[in-house]
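Biologist: Please take a close look at the side chains in one part of this model. Burial, contacts and pairings are what I would like to hear about.

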Amino acid sequence: MKGIGEILPVNVSNPNGEIKEAVNTFTEKLGELVSAKKVTSLAEAVRILTEGSPENQAKLFKDLGLDYGSLIKAQVEMLKQASEQMAESSKEKQALFEKLVDEKMQNRAAELGLTKELLALITGIQSQSTQQVMAMMEKLNEERFKRLEESNKPKEDPIANLLMQTAIDILKERITKPSDQDPRSKFQELLEFQKLLQEASKAFAPVSTNNPISMKLEEMKIDVEREKIRLQHELEREERQERLKLEERRTERLASVFEKIAEIAGAVLPQFLNRSQGLSHSAALSAICPNCGENVDPSKPQCLRCGLPLRPPIQPTLEQRPVSQVGGGLDI
Amino acid sequence: MIDSVFVKKAKEYAILGLEYFERENSGRILESAKQNLDIAKEITDKYLPELSKLDLFTKGILKSAVGQAWIHPFRDQMIDTLVTELAGREGELGQVAREYPEWLRDHMRRVFNLALLYIAREM
């Protein structure tokens with residue numbers, strides 16, 4: 001089986017030719033998987049690699065013919081290589097590189113007696129997105145679980161532990177620092193991160209002052225919970241404002257409808273008030289022939305245009321009838 | 001007053017209706033006008049039931065306008081304006097408005113009357 005470090009690309013700030021080649025090879029491999037219909041598309045494969053569940057990732061690695069367990073090691077190897085090359089590169093690049101590494105990381109590196117390679121490793125993580133850092137933490141957790149399960153492996157991997165600590169620091173800074181990020185997506189991210197923290201806590205249990213990672217994880221849990229409550233309040237406030245805006249818009253719409261009605265009423269009211277000058281409204285409607293729409297003379301029994309009978313012939317009143325029809329004259 | 005919202009809207013709908021009839025029954029208006037045929041009933045039977053498909057709000061406005069207001073005086077003014085406007089147009093409707101304005105005016109008046117009846121009694 002080919003080692004994953006030989007082909008798997010990693011996120012480095014200055015990819016060189018070898019890495020590019022590795023990326024190409026890896027992409028080709030993924031392409032083969034697409035052709036074999038093991039994944040629907042390249043984008044889907046990348047999504048599994050970056051965001052997929054560990055099971056799906058493991059399956060993908062198996063399909064690629066790679067050893068999933070060695071993923072972290074491979075990443076470390078690649079980053080080491082990249083950082084070595086960066087260290088050997090021009091002074092200008094070196095200066096730029098140094099600038100990228102913040103003071104906190106440098107101090108930590110000095111405390112732990114780290115080399116520049118490891119410092120580069122940390123910088124590599126820092127340049128990754130929060131999602132990527134979280135994905136990496138997840139993989140580190142899994143790696144640690146495996147180590148705990150497999151007796152032939154050393155229980156602790158100093159590089160992995162350092163990466164974990166750095167990842168926690170970076171995420172803590174990003175989560176607690178105010179940002180322009182949409183509160184909803186940040187809240188979602190926090191929920192995901194909280195789940196991840198639970199898993200990580202299991203991997204680094206029990207909590208002890210001797211274990212910096214487990215301590216950090218506990219601190220982190222508190223920070224996350226605090227941030228969650230803050231965001232919840234912010235979201236509630238936003239929702240209230242949105243509701244208010246919605247109500248305002250509804251009121252405005254209603255007002256414009258009433259305005260229109262008033263406009264129409266204003267247009268027809270003068271005519272309405274002048275109705276006494278003509279026929280009454282109901283009389284006007286009854287003076288329309290329902291068959292041809294012609295205006296009919298109410299005194300006529302039928303429509304002059306189409307001949308439709310408009311009303312039954314009017315019977316003369318008692319007083320109007322000739323005496324002979326009333327009952328033969330006075331009936332006394 | 002003739003430019004009021006009500007008249008403007010009524011004119012808009014009348015033109016839309018006429019254009020639709022022109023499209024759907026190409027040549028029918030011109031032919032009927034030439035032969036002085038009465039197609040008012042045919043038009044109303046075909047299109048007035050469409051008014052019942054309007055939304056409740058518009059129906060309410062129409063019914064309220066027809067039921068409470070004296071709108072007959074608008075009719076003749078509106079029809080005169082419409083015929084003048086149509087006369088400036090190309091096509092069948094324009095030709096009918098130019099060559100047979102009385103026929104068109106008579107049809108419009110009766111269709112308008114039937115529409116009032118329909119709105120007042122059927123909607």
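Modeller: A:T176 counts as partly exposed because its relative accessibility is 39%; buried stands for under 20% relative accessible area, exposed for over 50% and partly exposed for what lies in between, with a 1.4 Å probe and protein chains only. This is a predicted model, in which local features need pLDDT of at least 70 and side-chain atom pairs count only at pLDDT 80 or more, while totals for chains, interfaces and linings use all residues. Residues are numbered from 1 along each chain as its sequence is written, chains are lettered from A and ligands numbered from 1 in the order in which they are written, and side-chain values use heavy atoms, with hydrogens and water left out.

A:T176 belongs to helix α10 (residues 158-176) of chain A; helices (H or I, at least four residues) and strands (E, at least two) are DSSP runs numbered from the N terminus. Apart from neighbours within four places in sequence, A:T176 has contacts with A:D223 and A:E227, a contact being heavy atoms within 4.5 Å. Between the C-alpha atoms of A:T176 and A:M220 there are 9.8 Å, and 44 residues along the chain.

One of these contact partners, A:E227, is joined to A:R230 by a salt bridge of 2.8 Å, N to O. A salt bridge here is a side-chain nitrogen of Lys or Arg within 4 Å of a carboxyl oxygen of Asp or Glu. Helix α12 (residues 212-273) of chain A holds both A:E227 and A:R230, 3 residues apart, about one turn of the helix. An α-helix has 3.6 residues a turn, so residues three or four places apart point the same way. A:E227 is buried because its relative accessible area is 7%, whereas A:R230, at 40%, counts as partly exposed.

A:E189, in helix α11 (residues 183-203) of chain A, is buried yet has no salt bridge. The nearest side chain of opposite charge belongs to A:K186, 7.2 Å away; for this purpose Lys and Arg count as positive and Asp and Glu as negative, while His and the chain ends are not counted. Beyond four places in sequence, A:E189 is in contact with A:T130, A:Q131, A:M134 and A:Q181. Among the buried residues of α9(A) are A:T130 and A:M134. Helix α9 (residues 130-149) of chain A has 20 residues and spans 29 Å from first C-alpha to last, close to the expected 28 Å, which is 1.5 Å times one less than the number of residues.

Over all chains the count of salt bridges is 20. In chain B, B:R109 and B:D106 form one, with their closest N and O atoms 2.8 Å apart. B:R109 and B:D106 lie 3 residues apart in helix α7 (residues 101-121) of chain B, and both are buried. Shared partners join A:E294, A:R305, B:D38, B:D106, B:R109 and B:R110 into one salt-bridge network. B:D45 and B:K41 form a further salt bridge, at 3.6 Å, N to O; they are 4 residues apart in helix α3 (residues 40-47) of chain B and therefore separated by about one helical turn.

The count of disulfides over all chains is 0, a disulfide being a pair of cysteine sulfur atoms within 2.5 Å. The sulfur of A:C292 is too far for a bond because the closest cysteine sulfur, in A:C303, is 3.6 Å away. A:C306 is likewise in no disulfide, with the sulfur of A:C289 nearest at 3.6 Å.

The aromatic pairs come to 2 over all chains; rings of Phe, Tyr and Trp (its six-membered ring) pair if their centres lie within 6.5 Å, and planes under 30 degrees apart are stacked, over 60 edge-to-face and the rest tilted. B:Y20 and B:Y47 have ring centres 5.6 Å apart and planes at 85 degrees, so this pair is edge-to-face. B:Y20 lies in helix α1 (residues 5-24) of chain B and B:Y47 in helix α3 of chain B, 27 residues apart. At 18% relative accessibility, B:Y47 counts as buried. The rings of B:F21 and B:Y47, with centres 5.9 Å apart and planes at 80 degrees, are also edge-to-face. B:F21 is in helix α1 of chain B and B:Y47 in helix α3 of chain B, so the pair ties together parts 26 residues apart in sequence. Ring pairs thus link B:Y20, B:F21 and B:Y47 into a cluster.
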